[in-house]
Amino acid sequence: MTPKIETKNLQLYYGAHHALKGIDFSANANTVTALIGPSGCGKSTFLRCFNRMNDLIDGCDVEGQILIDGMNINDRYLNVDELRKKVGMVFQKPNPFPKSIFENVAYGLRINGINEKKILEEKVEKALKQAALWEEVKDNLKKSAMSISGGQQQRLCIARALAVEPSLVLMDEPTSALDPISTSKVEELIYQLKEKYTILIVTHNMQQAARVSDKTAFFYIGEMIEYNDTTEIFTNPKIERTQNYITGRFG
Amino acid sequence: MTHLETELGKLKGDITGMFILVQKQLNKSIQSLLAMDKDLAREIIAAEKRVNAEELKIDRVCENIVALFNPVAVDLRLVFASFKINSHLERMGDNAKGIARYVLEMNEKFDTELIEKLQLKEMFSAANKMIDENIAAFENGDSSKARLVFEMDERVDAINFAATNIVADYIKANTDKTVHLLNLMSIIRKLERVGDLQANIAEEIIFYVDAEVLKHDKSFHNKL
Ligand SMILES: Nc1ncnc2c1ncn2[C@@H]1O[C@H](COP(=O)(O)OP(=O)(O)O)[C@@H](O)[C@H]1O
Ligand SMILES: [Mg+2]
């Protein structure tokens with residue numbers, strides 16, 4: 001089976017700063033992989049490699065291969081817009097557009113040239129259902145996205161990412177700004193989404209990584225120190241540094 | 001030191017305390033047996049309540065640590081191992097009390113020559129040594145000490161096995177003492193159980209320290 005995503009000897013520099021040091025990684029389709037590690041170890045940087053968001057950063061240089069479905073996306077001739085259709089991203093803070101709930105979800109679809117009302121309605125409903133938000137907003141789709149709660153906004157952003165039917169979803173600390181109830185809703189959602197998507201999630205919440213992911217990768221100062229089944233990482237990590245981190249003995 | 005480390009340190013102290021408490025119970029039970037000291041036997045039975053209370057307290061400590069700290073990896077293994085060691089120790093306490101019960105029922109001392117022949121004192125000191133090794137292994141996270149316990153358990157098992165024929169011969173020659181001698185056999189069985197429980201505890205310590213599961217692995221240590 002070809003892995004869904006893979007990196008081979010991935011090196012990333014911000015100017016002179018070596019932020020990712022030879023990462024060899026692979027994840028199969030329909031799995032959730034959690035990326036953990038202390039702040040500044042390169043988790044977000046790693047995540048952004050899969051949608052080429054690092055391209056937007058001046059002086060950022062990426063070497064090595066980054067493969068999605070076996071195709072190297074670290075190629076200057078790649079059509080980045082096409083890539084970003086396949087790869088959705090959800091950020092730490094919910095960042096809905098100052099538009100209606102409906103238009104937030106329809107946004108990516110419109111960009112992709114879908115304007116037929118019926119199709120838009122269908123796809124928006126489907127995405128909102130997948131994001132476990134439909135029941136709460138179905139009677140208020142015209143309401144401003146800025147007027148719903150933070151937890152609902154984050155699920156709206158997930159719906160927006162899912163609407164264009166990506167196959168890979170990147171989440172960078174998606175629940176760190178949410179209350180416990182919204183957090184558990186999003187976690188539940190992540191667990192269900194892996195039926196259709198492959199998910200990479202950065203989290204600072206160790207228990208969240210343990211609850212939602214199949215595999216866990218521990219990063220430390222630009223290196224991937226240990227990568228294994230989540231159950232192994234949390235019961236019997238092979239490397240002492242990993243154990244120290246997950247047991248809270250250093251941070 | 002993190003808050004969790006402090007709590008785990010306390011838990012370890014509680015388990016060591018429990019070890020020492022039941023080891024004392026066992027020592028007293030043998031002493032009371034050899035001397036037919038009924039006062040001491042009563043003391044053991046009274047102290048059993050403390051063993052039970054201690055067991056419940058440690059269960060609660062384990063439960064709280066899991067609920068409040070979500071321990072993982074070696075920390076989680078320590079809590080799980082402690083939880084099970086606690087219950088093995090409580091059962092060892094039951095065996096000591098069981099011996100004390102027999103002492104209360106009996107009216108005469110055992111024949112010294114028979115006790116010698118049965119190697120009762122050796123059996124007892126082997127069980128005691130197992131407890132010592134387990135305490136050291138647990139306190140220092142030293143699984144090599146726990147691994148020694150399996151061999152000692154084999155010694156205890158062998159003495160137990162040999163006892164059946166020895167006691168049977170004695171019964172034939174002393175039919176008037178049949179009940180007395182059967183009681184002695186029951187006591188030996190209880191000591192054998194103590195050995196088994198210490199071997200179970202050694203397994204838990206190895207799981208805690210080395211993340212290795214030895215249970216039901218017959219090739220590693222053969223139990224009768
Ligand atoms: N845009 C940037 N320009 C320069 N350095 C950056 C930039 N983004 C991140 N870094 C540096 O790269 C390292 C990894 O950062 P990041 O991937 O954000 O870590 P994490 O997500 O694990 O907290 C850090 O040392 C950070 O300072
Ligand atoms: Mg980050």
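Which strands of chain A does helix α6 (residues 150-163) of chain A lie across? In this predicted model, the helix α6(A) lies across β6 and β7 (168-172) of chain A, and it runs at about 170° to β6(A). Helix α7 (residues 180-193) of chain A packs on the sheet too, where it touches β3 (32-36), β7 and β8 (198-202) of chain A. The direction of α7(A) makes about 145° with that of β8(A).

Now for the sheet itself. It's an open one of six strands in chain A, with mixed pairing, and if you walk across it you meet β6-β7-β8-β3-β9-β10 in that order. The edges belong to β6 (87-90) and β10 (223-229) of chain A; each has a single partner strand, so one side of each is left without a neighbour in the sheet. From one strand to the next, the twist averages 15°. Take the β10(A) end: strand β9 (residues 215-220) of chain A pairs with β10(A) in the antiparallel sense, over six bridges. To find your place there, look for T216(A), whose bridge partner in β10(A) is N228(A).

Chain A has further strand pairing to look at. Strand β1 (residues 5-14) and strand β2 (residues 17-27) of chain A run antiparallel and are joined by eight bridges, with L10(A) partnered by I23(A) in β2(A). These two strands, β1(A) and β2(A), make a hairpin with two residues between them, and G15(A) in the turn has a positive phi of about 60°. β1(A) also pairs with strand β4 (residues 60-68) of chain A, in the antiparallel sense and over eight bridges; here E6(A) stands opposite L67(A) in β4(A).

Over in chain B, have a look at helix α5 (residues 120-140) and helix α6 (residues 143-173). Their axes come within 9 Å and cross at roughly 165°, and α5(B) and α6(B) are therefore roughly antiparallel to each other. The crossing of α5(B) and α6(B) is left-handed. Residues that meet across this pair include M123(B), A126(B) and M130(B) in α5(B), and L148(B), V149(B) and M152(B) in α6(B). By class, the contact of α5(B) with α6(B) has twelve nonpolar, two polar and five charged residues.

Finally, how do the chains meet? The size of an interface is often given as the accessible area lost when the parts come together. Chain A and chain B bury about 840 Å² between them, with 51% of it on carbon and sulfur atoms. On the chain A side, Q207(A), T247(A) and R249(A) lose the most area to chain B, together 49% of what that side buries. The contact takes ten residues from chain A and ten residues from chain B.

Conventions. Residues are numbered from 1 along each chain as its sequence is written. Chains are lettered from A and ligands numbered from 1 in the order in which they are written. This is a predicted model: local features need pLDDT of at least 70, side-chain atom pairs count only at pLDDT 80 or more; totals for chains, interfaces and linings use all residues. Side-chain values use heavy atoms; hydrogens and water are left out. Axes are lines fitted to C-alpha atoms, for helices over the stretch in contact, and angles run from 0 to 180 degrees between N-to-C directions. Helices (H or I, at least four residues) and strands (E, at least two) are DSSP runs, numbered from the N terminus. Angles under 35 degrees count as roughly parallel, over 145 as roughly antiparallel, 65 to 115 as roughly perpendicular and the rest as oblique. A crossing is left-handed if the near helix is turned anticlockwise from the far one by less than a right angle, and right-handed if clockwise. Contact means heavy atoms within 4.5 Å. Ala, Val, Leu, Ile, Met, Phe, Trp, Tyr, Cys and Pro count as nonpolar, Asp, Glu, Lys and Arg as charged, and the others, Gly among them, as polar. Two strands pair if DSSP finds at least two bridges between them. Buried area is the accessible area (1.4 Å probe) that two parts lose on being put together, summed over both.
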